Amino acid sequence: MICWRVVALCVLLRFGAETRTGLREGAAHAASTSRASGGPAFESCQVSLTPAENRLLDDNTHETGFNGDDGSYVILTWVGDGTGVILVLSTISAPIDTFLEGGSSRLYRSTDYGKSFHDISQSINHTFIKEEFGVSVGPGSSVILTADTPVVDHPGGVIFTSTDAAATFRFVQLPFHLAQPITYHFLNPDLLVALSIDGALWLSLDFGAAWTKVHDGVHSFSWGAGINLFFSCSKADTMDAEERGDLQLKRTKDLGKTFAIIHEDVFSFGYIGAFLFFSVMEDTRSPRVMYFSSDQGDTFSRALLPSASTEQFYSILDGDEDMLFMHVDNPGDTYFGTMYTSDDRGILFSKSLERHLFDGQRKSDFRNITSLRGVYLTNKLDKDGRIRSVISFNRGGTWHRLSKPQNVECEEEVKNCNLHIHGEHSRTNHIVPMLLMSEASAVGLVLAHGTVGDSLSSWQYPDVFVSSDGGYNWRGTLRGPHHYSILDSGGLVVAVEARRKGQVKTIKFSTDEGQCWKSYNFTEQPFFFAGLASEPGTKAMSVSVWGFRPEDDNQPMWVAVTIDFQSLITRTCSDQDYEEWLAHSTEGGTSERDGCILGVKETYRRRKKQAVCRNGRSYVMVKKESTCLCNMEDFLCDYGYQRHLNTSECVRQPDAHNKSLEMCLNGEEDELLTTGYRKIPSNRCEGGFSPQMAVQTVIRPCGVKPGPDSLSAHSTVPVTHFDTPRERLVLILVCAGAGVIVLAAAVSALVAVRRGVYQYRAPNYRFSNLQIQDDRNGAVGDFESAKSSNGPNCPQDSDNVISTESY
C-alpha cells in the first residue's frame, strides 16, 4: 500500500523505553548511549508574569480528570471548524478476554474547546472501539467510529456514524469486515470507500447507510479529482500479497458502474496534487520505471528518471498541480539518493539535490515551510559522512546552507558555523520530540529543533530555534527540546519543555514570535506529559496539555488541562498594530529584484512583533503582488543538465554528452532540444533573461535525425516534421476535421487537471502510557504519522509518499 494523504492525521504519542539511537554518521548505525552535551550557548529571554496576569490565567484554566477508565490509550480529535467540539476516546490497544464479557470503551465530548467534557458512551452503547482505527473525522462535522467486532460468527463489522459533530450517532451493520479505516471523499462526506479483509473494495453513497461491492482482489486505492477513483488489483480478482509488480491499475469515473484499465504490471501507485503516478515492473528481473499522468489517467508518459532496481525505491516527497519533488534511491545501502523536480506534466525531471538523506527506515527529513511560498528544507549526507541541513527558497531550484543564528557563536575551531535542523530521522531515533513547524496563516514563522556547528550533531542536546522570515535568518529561542504549537495565526506561540525527568506543570508562551517567553504553572499536581492539542487552523487562543498521573491501582488517570489565553490577551489588533513586510527581501536590499522569488514580489500585512494584541478568528492574511523580470534563478537546469559549481550556469551532465535526449510521449518518440534551462513551474516572471530554444521538441519516427533546417535558430515554438505517408495522412485528417475537437478536449482537460484536489485533514491525537519514558531522551518517544487514502496505518512501501506538515 502507498502511504498517502488522509482525512485524519493520527499522531501516536508513546513513551519510549528504548535506548536513544544516535544519528547515523556515514552508512552505519550508531547508538548514542552517552549523555549529550549542550550546544553553543545563547540567552533565552524570559519575562515574569505579573500577579494580575497569573490570576487571569488561573481563572481561565480548566482541568479535567478521566477517572475510572480501563483504557490504556486516549485518542483526542477535533471535529469541525470553529465548532469547539473535541472527542476523547479512551480504549485499550487490543481486545482482551474480558471483551466478550462486556468490556467497553469510553467516549467523551466537549463543546467548549476542551474546558469541560461529558461522558457520551451511551450514544455508542458502550461499544468497544478499535483503537487502531481511532476516530475518523471527515468534511463538515462527520464522524465515524469502528467497533471491534470478532470475525468469527459475525458476517460483518459495525460502525457508528454522526453528521452533527457527535451529538448523535447512528448504528450501522456492515456486510463485510474492515481491513483498515474507512476513507472519506475529500469534499463530499456522503461518499465513503472501504477495503474489506478479503480484499474487496466497497463504496457507500449515503454516508455508510448502504454499501455496494465495487471490485475484488484490490490492493490499494485513492480518490482522484472529482469522483475519479483509482485502485490496483490482481488480474484474477484474488488477493495475493506477493503479486506486487503484477497488478492492474484501474479507474472508475462513475462510482463503480464501469471500469477502465490504465496499465498492467503495476508495482504501486499514488495520487498527489493533480498527478497520478505509478511504477511498473514488466517482469521480476526488470527495474521499475515511473509513469505519470496529469489528466486522470487518460494519457500517461514515462518519466525521465533513472530506473529503480528491486533494492531501490522511488518516493514522492511533495507535489501540487504544478510540479513534484521525487527522491530516487541510490543503489546499495547508502542511505541517500538524488532529489528531482518535475515539469508541470510530471514527465521531465531535473536534478535538484544530490546525496539527499533517506535512511534505512525510509525516513526523509524533507519539509515544506508552509509559512512562505517556495521554501523547502531537508538534510543531505555529505561525502565525509556528516549530515548537514540545506534550504531552498525557489522550490528546489538552488539549495543553500542555513545561516548561523544571530545570537549564537561557534567555537573557534569550528570551520563552518551553520544551523542544522533535526528532522524525521532524529525524531524516529528519539533525539527530538517533534518536527519543524510552520503554518500558512503565520507568515514567515518557523520553529524547529537544531544544533549549531559544522554538521548535525547527536551529541548535543537540541535547542529550539525560530525564524520570522521563512528561514533566511534564525535565533536561538529555547534551550533544550520542547513541544510547541502556533496559535492565533502566529500571534501566540506556546511550548512545554520535554522534561528529562518526566512530569510537567509549566507552559511557556510568547507574543513576539519567540523573542521573549513567559512561564505559567497550569497545575499544582505535575503529570507525565503526552502532548499539546489545539484546534486546527491556528485561529484558536486556547491549548490543551494532555498527560496522565499513575494511580494507586496502577491504572492511569488521564488529565487534560485547557488554558484560554484570550483572557490575558484581550485587545484585538488595530491597523497600527500591523506593518507591511516584503517577503524574501535581504536586509537593506535596494535592487530592483529584491524580494523576487518565483517571478513575483509578495508584500504581506502582518502583526508587529511588539504589538500585544490578538489577530482573532476573523483575521485574513492580506498580501500584494507584483511581477518581476526573469533572471537565471527563475530557471531550473533541464533534463540532462546540472549547475556548474563556480558559475551556477546549467551545463550538460558528464554522462549525458553525445546522448540524444529522447522521450516517448503518447506512442511517438520526441527529441528534446534545449540549451539547458527550464522555467520553474509556477514561476510568473516576465521578460529579462530568456535562454534561446529553452523548450523545443522535434517529433519524428525512431532513428531519424533532424535535418539542418528542422529548427529556426531563434524559434520559440516546437517545429514538427511529417516525413512518412502515415504522418502526412494524420496531418491532413487533423487539419480537415479534428482540430476543433482536439482543441475543445485540450481546454476541457486543462480545466480538469488544474483543479486543486482539496485534502481534508483534522488532527487526531493518540496518547499512550504503556511504555515508560527514557529519562535521557525527554518526555516523548516515537511520534508516528502515516497518511494514506487507505487509512492512517499504512505499511511502508517500496515506492512511498513522504508527507510533511509538514506531513
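# A guided walk through a strand-rich chain

Let us start at one pair of residues: E602 has E625 of β46 as its bridge partner. The strands involved are β45 (residues 600-607) and β46, which run antiparallel and are joined by six bridges. Strands here are DSSP runs of E with at least two residues, helices are runs of H or I with at least four, and both are numbered from the N terminus; two strands count as paired when DSSP finds at least two bridges between them.

Before going further, please keep in mind that this is a predicted model, in which local features need a pLDDT of at least 70 and side-chain atom pairs count only at 80 or more, while totals for chains, interfaces and linings use all residues. Residues are numbered from 1 along each chain as its sequence is written, and side-chain values rest on heavy atoms, without hydrogens and water.

Stepping back from that first pair, β45 sits in the middle of an open sheet with the order β44-β45-β46 and antiparallel pairing. At its edges are β44 (578-582) and β46 (622-627), each of which pairs on one side only. With direction ignored, neighbouring strands of this sheet are turned by 20 degrees against each other on average (axes are lines fitted to C-alpha atoms, for helices over the stretch in contact, and angles run from 0 to 180 degrees between N-to-C directions).

How does the whole chain look? It holds three helices and 58 strands. Of its 807 residues, 57% are buried, that is, under 20% relative accessible area, with over 50% called exposed and values in between partly exposed (1.4 Å probe, protein chains only). The accessible surface adds up to about 32900 Å², 51% of it from carbon and sulfur atoms; areas follow the Shrake-Rupley method with a 1.4 Å probe, and for residues only the protein chains shown count as cover.

Now walk back toward the N terminus, to an open sheet of four strands. It has the order β8-β9-β10-β11 and antiparallel pairing. β8 (135-137) and β11 (170-173) each have a single partner strand, so one side of each lacks a neighbour in the sheet. From one strand to the next, the twist averages 25 degrees. β8 is held to β9 (residues 143-146) by three antiparallel bridges, and V135 finds its partner in L145 of β9.

The next stop is the interior. The largest nonpolar core contains 27 residues, and L377 and W474 have the most contacts inside it. Such a core is a set of buried Ala, Val, Leu, Ile, Met, Phe, Trp, Tyr and Cys residues joined through side-chain atoms within 4.5 Å. β28 (375-381), β31 (418-421) and β33 (446-453) each supply at least two of its residues, and β33 gives the most, with three. Beyond residues up to four places away in sequence, the contacts of L377 (heavy atoms within 4.5 Å) include F366, I391, W399, L436 and W474. A second, separate core has 24 residues, among them L492, V504, F529 and I563.

In the loop between β27 (367-369) and β28 you will find G374. G374 is buried, with a relative accessible area of 9%. Outside its neighbours within four places in sequence, G374 touches S392, F393, N394, R395 and L598. The C-alpha atoms of G374 and I597 lie 7.7 Å apart, although 223 residues separate the two in sequence.

Around residue 490, look at β37 (residues 492-497): five of its six residues are buried, so the rest of the structure largely encloses this strand. β37 pairs with β36 (residues 482-487) through six antiparallel bridges, and Y484 stands opposite A495. Four residues lie between the strands of this hairpin, and D488 there has a positive phi near 50 degrees. β37 also pairs with β39 (residues 506-510), again antiparallel, over three bridges; V494 has F509 of β39 as its bridge partner.

Finally, how far can each region be trusted? The pLDDT, which is the predictor's confidence in each residue from 0 to 100, averages 78 over the chain, with 74% of the residues at 70 or above. By mean pLDDT of elements, β14 (residues 201-204) is highest at 98 and β57 (residues 783-784) lowest at 26. Residues 693-763 stay under 50, and the model gives them 103 contacts beyond four places in sequence. Residues 768-807 are also below 50, with 172 contacts beyond near neighbours in sequence. Where pLDDT is low, the predicted coordinates should not be read in detail.
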